[in-house]
Amino acid sequence: MDKLRRVLSGREENEELGLTAQVLDASTLSYSTRVKWFFICFAGGILCSILGTALLFLPNGIKLFAVFYTLGNLAAIASTCFLMGPLKQLKRMFEPTRLIATIVMLLCLALTLCAVFWWHKKGLAIIFCILQFLAMTWYSISYIPFARDAVMKCFTTCVS
């Protein structure tokens with residue numbers, strides 16, 4: 001659109017733009033494109049997680065499970081970068097309300113792969129995948145107002 005405005009206003013096409021303007025011009029996506037890529041990336045993440053779970057039952061499938069499940073969670077996190085942008089996403093991930101969930105989630109992502117490839121502990125890898133799921137869930141509901149409070153109230157009511 002800016003190019004069309006430049007041509008219509010009589011400004012030359014090979015006019016020099018600053019580096020920041022060039023980067024912003026090259027990296028801006030329309031809203032519909034960002035939403036489409038969010039759904040594509042998120043669906044890819046879900047597909048990887050389901051595929052990893054299905055591969056768990058193959059001989060030596062624990063390695064494939066850990067890799068695909070971890071890739072699925074990373075794709076799900078990366079999908080939100082299309083909606084709000086990568087820098088804003090990183091800032092929001094490390095806000096005080098999400099800091100612990102983010103650290104636990106990222107740590108469990110790495111520890112899952114370590115448990116499978118370096119330590120060769122299948123049970124530990126499964127535990128880290130469960131912790132990945134719980135941390136990812138807690139992180140995700142932090143974006144819904146009062147959802148954490150509702151979950152905590154439900155949990156304490158069930159326990160007591």
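Okay, let's start with a question: which residues does Cys-129 touch, if we don't count residues up to four places away in sequence? Have a look at the structure while I set the scene. Keep in mind that this is a predicted model.

The answer is Phe-65, Tyr-69 and Thr-112. Cys-129 itself sits in helix α7, and with a relative accessibility of 3% it counts as buried. There's also Met-105, which is 24 residues away from Cys-129 in sequence, with 9.7 Å between the two C-alphas.

Let me zoom out for a second. The protein has 8 helices and 0 strands, so if you read along the sequence, you just get α-α-α-α-α-α-α-α. Of the 160 residues, 26% are buried. And if you take the contacts between residues at least 6 apart in sequence, 55% of them join residues at least 24 apart.

Now back to α7, and to its packing with α4. Helix α4 covers residues 61-84 and helix α7 covers 122-141. Their axes are 10 Å apart, at an angle of about 15 degrees. Anything under 35 degrees counts as roughly parallel, and that's why we call α4 and α7 roughly parallel to each other. The crossing of these two helices is left-handed.

Who makes that contact? From α4 we have Ile-62, Phe-65, Tyr-69, Thr-70, Asn-73, Ala-76 and Ile-77. From α7, it's Lys-122, Ala-125, Ile-126, Cys-129, Gln-132, Phe-133 and Met-136. So there's our cysteine again, and Phe-65 and Tyr-69 are on the α4 side of the contact. By class, the α4 and α7 contact has 10 nonpolar residues, 3 polar and 1 charged.

Next, how does α7 pack with α8? Helix α8 is residues 147-159, and the angle here is about 130 degrees, with the axes 8 Å apart. That value is not over 145, the cut-off for roughly antiparallel, and it's outside 65 to 115, the perpendicular range. So α7 and α8 come out as oblique to each other. On the α7 side the contact uses Trp-138, Tyr-139 and Ile-141, and on the α8 side Ala-147, Arg-148, Val-151 and Met-152. The split for α7 with α8 is 6 nonpolar, no polar and 1 charged.

On to charges. How many salt bridges does a search of the whole structure find? Just 1. The side chains involved are Arg-98 and Glu-95, at 2.6 Å, N to O. As a reminder, side chains of opposite charge can pair when their charged atoms come close. Are these two partners buried or exposed? Arg-98 is buried, at 4% relative accessible area, while Glu-95 is partly exposed, at 30%.

Last thing, two loop residues with backbone angles worth pointing out. Asn-60 isn't a glycine, yet it has a positive phi of about 60 degrees. You'll find Asn-60 in the loop between α3, residues 31-55, and α4, and it's exposed, with a relative accessible area of 55%. The other one is His-120, again a residue other than glycine, with a positive phi near 55 degrees. His-120 is in the loop between α6, residues 99-117, and α7. Its relative accessible area is 55%, so His-120 is exposed.

That's me done, thanks.

Key. Residues are numbered from 1 along each chain as its sequence is written. This is a predicted model: local features need pLDDT of at least 70, side-chain atom pairs count only at pLDDT 80 or more; totals for chains, interfaces and linings use all residues. Side-chain values use heavy atoms; hydrogens and water are left out. Axes are lines fitted to C-alpha atoms, for helices over the stretch in contact, and angles run from 0 to 180 degrees between N-to-C directions. Helices (H or I, at least four residues) and strands (E, at least two) are DSSP runs, numbered from the N terminus. A crossing is left-handed if the near helix is turned anticlockwise from the far one by less than a right angle, and right-handed if clockwise. Contact means heavy atoms within 4.5 Å. Ala, Val, Leu, Ile, Met, Phe, Trp, Tyr, Cys and Pro count as nonpolar, Asp, Glu, Lys and Arg as charged, and the others, Gly among them, as polar. A salt bridge is a side-chain nitrogen of Lys or Arg within 4 Å of a carboxyl oxygen of Asp or Glu. Buried means under 20% relative accessible area, exposed over 50%, partly exposed in between (1.4 Å probe, protein chains only).
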